[in-house]
Structures are given as structure tokens and as C-alpha cells.
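Hi,

Here is the structure I said I would send over. Have a look at it first, and then read on for what turned up.

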Amino acid sequence: ERGRLRTFLLRALRRFLVDQYRRDSRQKRGGDVIHVPIHITDGESKYVTEPIDQHDPETLFNRAWAQSLLMNAQVELRKLYEAAGKTDQLTAIEPFLDGQVPEVTYRELALRLNTTETALGLLIYRARKKFRSLIESEIRRTASDPAETAEELLWFRTLLGQ
């Protein structure tokens with residue numbers, strides 16, 4: 001008698017049509033996006049084989065960052081040697097660049113490269129110097145302030161010394 005039923009039905013119909021329109025048009029708002037499932041067990045199974053490290057996550061992250069920085073510098077050094085056509089030379093002296101004890105001596109390597117020990121020492125010195133400058137430039141690239149570069153470099157050296 002007062003039109004309440006008609007108003008109710010009209011409002012219900014409008015809501016139904018709006019909902020239907022939203023369902024039909026959701027493809028425009030990302031409905032075609034492929035969702036990537038996250039499988040927690042995959043990550044866990046990957047790290048089960050890793051050795052247990054007693055260090056805190058911050059230390060592990062810092063070490064991973066330092067290793068990444070070293071790898072970037074090594075890639076750049078390799079590119080420089082490849083551009084100069086000296087890839088074999090770099091491959092031979094790489095064990096001397098990271099500060100660890102190489103399996104081969106200067107004398108053996110000098111004989112293999114057909115050079116003198118003095119010339120080999122100079123070659124390694126120059127490669128270390130270039131490697132160091134590449135590391136510094138990589139740190140400079142990541143530092144927000146140029147004044148922080150020296151502090152970051154010192155931090156980097158102490159981190160690798162651990």
C-alpha cells in the first residue's frame with residue numbers, strides 16, 4: 001500500500017546488478033593475473049641441507065652482502081681482463097687475489113706462464129690493486145654519502161676478517 005515492497009525489490013535488484021557488474025568487470029582490475037603459490041615446504045627443504053650457523057641473522061645477511069659485493073667486483077675484473085684478452089692470465093692468478101693460501105707457488109706459476117717470479121709478483125700486485133679499487137667503487141655505489149665510503153670499507157674488511 002505504501003510502496004515499501006516495491007522500494008525493497010528495486011533496491012535489491014540494483015544491488016544485485018552492481019554486484020554482477022563488479023564480478024563481470026573484475027578481469028579489468030587484475031583478474032588475469034597469475035598467482036604464484038608460496039610453498040613453505042620448498043624453502044624449508046632447501047635449507048635442511050645447509051650447515052647450521054650459530055650466528056644471528058644480521059651477521060648472516062651482512063656476510064651474504066659482502067660475498068655478493070666480492071662477486072660483483074670479480075665479475076667486473078673478469079670483464080676487464082677479457083676485454084684485454086688476458087682471461088688465461090686472470091684464471092692463473094685468481095687464487096692469489098682473495099688472500100687465501102694458493103696450492104701453487106710463485107715459482108711454479110711463473111714457469112707455467114713463461115715469466116719471471118718478479119714479473120708475476122708485479123702482475124699479482126696490479127691485479128690486487130685493481131680488484132681493491134673495484135671493491136671500493138662498488139662500496140661507493142652502495143653508500144648513500146661519499147663520506148661513508150671509508151667507514152663502509154673498514155666495516156667490509158672487518159666483516160671478511162671474521
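Let's start with N114, which is exposed, with a relative accessible area of 73%. This asparagine sits in the loop that links helix 5 (106–113) to helix 6. What caught my eye is its backbone: N114 is not a glycine, yet its phi is positive, at about 60 degrees.

Before you zoom in any further, please keep in mind that this is a predicted model. The mean pLDDT of the protein is 82, and 85% of the residues score at least 70. Confidence varies by element: helix 6 has the highest mean pLDDT, 90, while helix 2 (residues 40–48) has the lowest, 68. Where pLDDT is low, the predicted coordinates should not be read in detail.

Now the overall picture. There are seven helices in the protein and zero strands, so to quote the order from the N terminus, you just get α-α-α-α-α-α-α. Of the 162 residues, 20% are buried. The accessible surface comes to about 13,500 Å², with carbon and sulfur atoms accounting for 55% of that. As for how the chain folds back on itself, take the contacts between residues at least 6 apart in sequence: 51% of them join residues at least 24 apart.

What holds the middle of this together on the nonpolar side? The largest nonpolar core has 25 residues, and those with the most contacts inside it are L77, I93, L109, L120, I135 and F156. Helix 3, helix 4 (87–93), helix 5, helix 6 and helix 7 (148–161) each put at least two residues into this core. Helix 6 gives the largest share, with eight residues.

I135 is a good residue to click on if you want to see that core from the inside. Setting aside its neighbours within four places in sequence, I135 is in contact with L69, L70, A73, L153 and F156.

A polar residue worth a look is N62, in helix 3 (residues 57–83). Is N62 buried or exposed? Its relative accessibility is 16%, so N62 counts as buried, given that the cut-off for buried is under 20%. Not counting residues up to four places away in sequence, N62 touches W155 and L159.

On to the charges. Side chains of opposite charge can pair when their charged atoms come close, and the structure holds five salt bridges. Here are three of them, each within a single helix.

- E76 and K79: this salt bridge has its closest N and O atoms 3.6 Å apart. The two residues are about one helical turn from each other because they are three residues apart in helix 3. E76 is partly exposed, with a relative accessible area of 34%, and K79 is also partly exposed, at 46%.

- R140 and E136: here the closest N and O atoms are 4.0 Å apart. Both residues lie in helix 6 (residues 117–142), four residues apart, which is about one turn of the helix. R140 counts as partly exposed at 46% relative accessibility, and E136 counts as partly exposed at 23%.

- R141 and E138: the closest N and O atoms in this pair are 2.4 Å apart. These two are also in helix 6, three residues apart, again about one turn. The two ends of the bridge sit in contrasting surroundings: R141 is exposed, with a relative accessible area of 59%, whereas E138 counts as buried at 11%.

Last stop is the surface at the N-terminal end. L10, L13, F16 and L17 make a nonpolar surface patch of about 390 Å². One of these, L10, lies in helix 1 (residues 4–25). L10 has a relative accessibility of 42%, so it counts as partly exposed.

If you only have a few minutes, I would go to three places: N114 with its positive phi, the core around I135, and the R141 salt bridge with E138.

Cheers

How values were computed:
Residues are numbered from 1 along each chain as its sequence is written. This is a predicted model: local features need pLDDT of at least 70, side-chain atom pairs count only at pLDDT 80 or more; totals for chains, interfaces and linings use all residues. Side-chain values use heavy atoms; hydrogens and water are left out. Buried means under 20% relative accessible area, exposed over 50%, partly exposed in between (1.4 Å probe, protein chains only). Contact means heavy atoms within 4.5 Å. Accessible areas come from the Shrake-Rupley method with a 1.4 Å probe; for residues, only the protein chains shown count as cover. A salt bridge is a side-chain nitrogen of Lys or Arg within 4 Å of a carboxyl oxygen of Asp or Glu. A nonpolar core is a set of buried Ala, Val, Leu, Ile, Met, Phe, Trp, Tyr and Cys residues joined through side-chain atoms within 4.5 Å. pLDDT is the predictor's confidence in each residue, from 0 to 100. Patches are made of residues with over 30% relative accessible area and no salt bridge: like charges are joined within 9 Å, nonpolar side chains (Val, Leu, Ile, Met, Phe, Trp, Tyr) within 5 Å.
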